[in-house]
Amino acid sequence: MDNPLSIKNFSRTKLAIPGDEKKLLLHSCCAPCAGEIMEAVAASDIETTVYFYNPNIHPQEEYEIRKDENKRFCDKLGFKFIDADYDKDNWFERIKGLENEPERGKRCTECFDMRFERSALFAYENNFKVYATTLGISRWKNMEQINDSGKRAAKRYANVHYWDFNWRKKGGSSRMIEISKREEFYQQEYCGCVYSLRDTNKWRQKNNKDRIIRGIKFYN
Ligand code: SF4
């Protein structure tokens, strides 16, 4: 598939997924993280299906905005978009006892595990041999923690592999921002769960900054 979009002074090299597979299931957390990765796989003729499974996002209005933004970009690039469950009750059940963990701690490991277990299952049931996630492109995240979860989930199925490509490298992180601005994606200001919203607001208060007002900020 030709990439219908372009970035100033940048021409993409083609990527190859493990095993020379041509089909990829891409777990996506949001449009800003997905944008650069989606353009990279589009330019590499990798047939990609975006899998949106993020029951961590709170509240539901925030979840709907992030999902719609991601779907909007999928439609633009002609990618298939799977709108998976918003099974937030299961997420809260799984996170019980970890509510006060810091970001990048044990709560996040459970959160990644849950999302990737479902992604790996979908891959297995729908004949995808390789899956990846957009989560690791963000510098706020611990890439090793994400990749460990990704591999752990893939190990449940003999024919499913987790692709741990480093999307940050070779300018990926800055293109992520550039694409977000070009597309005027919604700009979320906290990771996603109610606890990250709580902790970000606490940090803001301590640093004399205004509390987050959800749903109003867009990259431009
Ligand atoms: S901070 Fe982010 S990764 Fe960690 S549990 Fe909350 S939503 Fe999940």
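**Notes on the sheet and helix 4**

1. Starting at the sheet, Val130 sits opposite His161 of strand 5. Strand 4 (residues 130-133) and strand 5 run parallel and are joined by two bridges; strands count as paired if DSSP finds at least two bridges between them. Helices (H or I, at least four residues) and strands (E, at least two) are DSSP runs, numbered from the N terminus.

2. Bear in mind that this is a predicted model: local features need pLDDT of at least 70, side-chain atom pairs count only at pLDDT 80 or more, and totals for chains, interfaces and linings use all residues. Residues are numbered from 1 along each chain as its sequence is written.

3. Zooming out, the open sheet has five strands in the order 3-2-1-4-5, with parallel pairing. Strand 3 (80-83) and strand 5 (161-162) are the edges, each pairing on one side only.

4. Now helix 4 (residues 106-125): its 20 residues reach 28 Å from first C-alpha to last, close to the 28 Å expected at 1.5 Å a residue (1.5 Å times one less than the number of residues). After the helix comes Asn127, with a positive phi near 65 degrees.

5. Several helix 4 residues are buried, among them Cys108, Phe112 and Ala123 (20 or more other C-beta atoms within 10 Å of their own, C-beta atoms being placed from the backbone; 12 or fewer is exposed, in between partly exposed).

6. For contrast, look at Asn208, in the segment after helix 7 (194-206). Asn208 is exposed because just 6 other C-beta atoms lie within 10 Å. Its C-alpha is 20 Å from that of Tyr195, 13 residues away in sequence.
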